[in-house]
Amino acid sequence: MRTPMATRAVSGSSIFRSAGSPPLCAFLSLHLFHLRPSALYGHPPPGLFSGNLALGYGGGSRSRFAHSLVESVMEELEEIRARRRVRASIKMGLSSTKELFDVKLEKKTLQKGALLEFRKDSQKSLLAVASKPDGKKNWMVYDQNGIISSIKPQQITYIVPGIENFDHTDIADFAQRARDILDPAILECAWVELLEKNKSVTVEELAEIIYGSSDPLESYCAHLLLSRDEIYFNVIEKRDSSPVYEPRPTIQVEELLHRKLVKEANEKELEEFVQLLISAKAMPPHSKPSKSSWIVEEKVRQKIESLEAYGIDACKNDDQRKTAGNILKAMGLSKISSAAIDLLIDVGYFPVHVNLDLLKFNIRTGYSGEVLSAAEDLLAQSSDPDEHIRKDLTFLKVYAIDVDEADELDDALSATRLSDGRIKIWIHVADPTSLVEPQSIIDREAMRRGTSIFLPTATFPMLPEKLAMEGMSLQQGKICKTISVSVTLRPDGSIAEYSIDNSLIRPTYMLTYESASELLHLNLEEEAELRILSEAASLRLQWRRNQGAIDTATIEPRIKVANPDDPEPSITLYVEDQAGPAVRLVSEMMILCGEVVATFGSYNNIPLPYRGQPQSNMSASVFDHLPEGPVRSSAYVKIMRAAEMDYRKPIRHGVLGVPGYVQFTSPIRRYVDLLAHYQVKAFLRGESPPFTAGELEGMACLVNMHVKVARRLQNSSLRYWLLEYLRRQQKERKFNALILRFIKDRLAALLLVEVGIQASAAVSLGKQIGDEIEVVVEEAHPRDDVLSVKEV
C-alpha cells in the first residue's frame with residue numbers, strides 16, 4: 001500500500017502539543033510557510049501552500065535549500081515533542097490502541113449568556129447568545145445579525161465552552177478573530193498524526209493539538225474545522241452532547257479527495273461555461289456565436305446538449321439533467337424546460353422560432369452519404385423495366401394541379417367525352433418503382449421516414465430530393481413515366497369501365513388551385529377538357545353522397561415562412577376553401593383512383609393496404625339543419641369513427657361512400673402508396689406481389705407510427721406560425737369568425753375565417769351556430785400555444 005505523502009513528510013515527529021507548547025500554525029509560520037502536505041499525491045494540490053517556497057514530495061529531486069529547511073523544521077518539532085512527551089501523554093491520554101480518549105468531558109449545558117452556534121437552515125449556521133428560555137425546551141437568542149429568535153435544541157450545533165455572560169454585540173469581533181486563525185490545511189496534519197496513533201478526538205482536544213489551547217476561540221475554530229470537514233474525519237459517537245471524531249482510513253480519504261478534486265474541476269468548468277453564456281447573452285443578435293461554434297469543444301458541447309435535452313424533456317440520464325439544472329441555477333434561472341430554451345435562444349444557439357417538436361420527435365432531416373450515392377446511381381441508369389408494356393398517352397392534354405409551392409408533383413389528370421356522351425378520365429400517377437426496388441437501400445430509408453413532412457419553414461422529403469425531383473416528379477413539357485388509371489363513368493357517376501396501365505405522358509399545364517379555379521370560371525372553349533373534369537367531379541360527388549358519403553370540406557390554412565432563422569421572418573398565409581371548384585375537382589379524382597385500385601386489387605386477389613372507415617352509429621342527417629361547409633363538417637368530425645385497415649380484401653369506406661379504397665396517388669410522398677405501387681406493378685408485369693398480406697400489415701404498422709408523429713409535427717408547426725401571424729397583427733384588427741358550436745352556455749367554438757384557425761370566446765345573447773361575428777385578438781403566444789379572442 002502506498003505510504004501517505006503527509007505521513008512521510010512528518011515521519012519521526014509529532015504535532016501533538018501540550019498546553020505549554022507554541023501553537024502549531026504559529027510555529028510553522030516562523031519558517032515562512034504553513035505545513036500543508038498532500039496525503040495522496042506526489043505533489044501538493046494547487047493552492048495548498050502559502051508563501052513563496054514550494055515543497056516537493058514523492059521522492060522527486062528537491063533543492064538542497066528546501067531539503068535542509070524541511071529537516072530543520074522536523075528536528076525542531078522533534079525536540080519540542082521530546083521535551084513535552086511525558087506531559088502531553090499524561091494530559092491527552094495517548095496510547096497505541098484504537099480506544100477512545102478516556103478524558104472526562106465536561107457536560108455542556110445551555111445557560112443565559114452562553115455563546116452558541118445554531119443551524120438557521122440547511123445551508124446556513126449563525127453565532128448567537130442565549131437570552132432566556134422559551135417554554136420548556138426552546139431558547140430565545142440574539143444572533144450575529146442582531147435578530148432575536150426562538151430556536152429548538154436540535155438546531156444547536158455547538159456551545160462554545162468557557163464563556164459566560166457573552167455580549168451579543170461582540171459576536172462579530174469573535175467571528176472575525178476566528179476567521180483570522182482558521183486554516184483548514186492544519187486539519188490534514190492533525191489527521192496524519194491521529195491516524196498514525198489510531199486516536200479519536202473531541203473538538204477541545206483538537207484545539208489543544210493544533211492551537212496549543214482549548215480556550216473558547218480556539219475550541220470554536222476547531223469545531224468549525226471538524227464540522228465543515230468532509231475528507232479527513234467523521235463522527236463516531238456523541239458523548240454528553242459533544243461529538244467524537246475519528247480519522248478516516250487512508251483509502252477512504254484518497255477517494256474523498258479524488259471526488260473533491262473532480263467536483264472542483266467540474267465547478268470551475270461550470271463557472272467558465274456560465275461566463276461564456278453571460279457574454280453571448282449580452283451580445284447584439286447579429287454578433288452572437290453561431291450554433292456550430294458551441295459544439296467545437298467537447299466540454300462546451302456536452303453542456304449545450306444537456307441544456308437542449310433538458311429543454312425538450314429528452315435527458316438521456318440523471319447526469320445530463322443535473323448538469324442542465326446546475327447551469328440554470330448558476331444563471332439565476334428556474335429549473336424548468338422553458339428557461340433552458342429561452343437561454344439557448346438568448347445566446348444564439350437556437351433561433352427565436354426554433355421548432356422544438358422537430359427536436360423532440362427526432363425527425364430525420366438529412367440523408368446519409370450512402371443513401372445519396374445510391375440515389376445518384378439510380379438517376380444515372382437509363383433502363384426501364386416496364387418499357388415494353390407502357391402505353392403512349394402523350395397525345396392527351398394533361399393537367400397537374402397542386403399548391404403553388406409544391407416541389408414533388410406525383411399526380412395529373414386528363415379527360416375526354418366519348419361519342420356516346422359518357423366521360424372518360426385518366427388519373428396519371430408518378431411511377432417511382434420504375435427506379436426504386438423493394439428492400440433496396442432507398443426503399444428502406446423511405447420506410448423509416450414513412451412520409452414527406454411539409455412544414456411552413458421547410459420540407460423533409462421521404463425520398464432524396466434530387467431523385468424525387470429529377471427522376472420521379474412530373475414535369476411540364478417532358479415525357480414522364482406514370483401509372484395511368486383510366487375510368488369511364490356512367491351518367492350517374494358510377495364506374496362503368498376501368499383499366500390500370502404503365503404509361504408515358506407529357507404534362508401540358510402545371511396549375512395552382514387558384515389558377516385552375518380561374519380557368520374554370522372563365523369557361524374557355526380551348527380548355528374543354530378542364531370543364532369535363534369539373535363535370536365528372538360533380539357527378540362523382542353526387543354519386544358518393546347517394547352512397548352515404550359525408551362531406552367534410554372545410555377551410556384549410558397554409559403558411560410559407562421565408563428566412564425562418566431571422567427574429568422576424570417573412571410569413572405568407574394562404575387560406576384554402578376545400579369546397580372550391582379546383583380543390584373539389586382534384587379530391588374527387590383522387591378518391592375515384594383509390595376506389596378503382598381497390599376494385600382492381602379485389603378482382604385480382606392482390607394484397608393491398610385497403611383502407612376503410614365505418615359510418616357512425618349516429619345518422620349524418622341529424623346535422624342537415626346546420627349550414628353546409630365548416631359548420632356542418634365540424635359536427636360530422638365529432639361523430640366519425642376511426643379508420644380501419646385490411647390487407648386481403650377491400651372494406652367499405654363509409655365517410656367517402658365507396659365500397660373500397662386504396663391510397664395510391666402520392667407514392668413519392670407516402671410510403672403506404674409506394675407499397676400499393678409495388679404490389680400493382682408486379683401484377684402488371686405478370687409477377688407475384690413482393691409482399692404477402694401479413695408482411696404488408698407489419699410494414700404498414702411501423703410506417704403508420706412515423707406518419708402519426710409527422711402529422712403531429714405538421715399540425716403543431718402550422719398552429720405555431722398561425723399564432724405568430726396573429727401576434728404580429730395590429731391589436732385593433734377585426735377578424736370574421738364563424739360560430740361552429742357552443743361549448744358551454746355562451747362559450748362558443750369559433751373559426752377565424754380569414755386565418756383558418758379555431759379559437760373559443762364568449763358570444764353575445766341571441767347568436768346561433770352558423771352566425772358570423774367580429775372578434776379581435778387579445779393574446780397570441782406561439783411558444784405557449786395561447787390564443788385569446790373576444791367578440792367586438
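**Cores and sheet of a predicted model**

Colleague: Which residues touch the most other members of the largest nonpolar core?

Modeller: This is a predicted model, in which local features need pLDDT of at least 70 and side-chain atom pairs count only at pLDDT 80 or more, while totals for chains, interfaces and linings use all residues. Residues are numbered from 1 along each chain as its sequence is written, and side-chain values use heavy atoms, leaving out hydrogens and water. A nonpolar core is a set of buried (under 20% relative accessible area, 1.4 Å probe, protein chains only) Ala, Val, Leu, Ile, Met, Phe, Trp, Tyr and Cys residues joined through side-chain atoms within 4.5 Å. Within the 44 residues of the largest one, those that touch the most other members are Ile 401, Ile 425, Ile 427, Leu 533, Leu 585, Met 589 and Leu 592.

Colleague: Which helix gives the most to this core?

Modeller: Helices are DSSP runs of H or I, at least four residues long, and strands are runs of E, at least two, numbered from the N terminus. With 12 residues, the helix that gives the most is helix 18 (residues 581-603).

Colleague: In what order do the 5 strands of the open sheet stand?

Modeller: Two strands pair if DSSP finds at least two bridges between them. Strand 1 (residues 115-121) and strand 2 (residues 124-134) are joined by 6 bridges. The edge strands, each pairing on one side only, are strand 4 (148-151) and strand 5 (156-159). The pairing is antiparallel, and the order is 4-3-2-1-5.

Colleague: Which residue in strand 2 stands opposite Phe 118?

Modeller: Strand 1 and strand 2 run antiparallel. The residue opposite Phe 118 is Leu 126.

How values were computed:
Buried means under 20% relative accessible area, exposed over 50%, partly exposed in between (1.4 Å probe, protein chains only).
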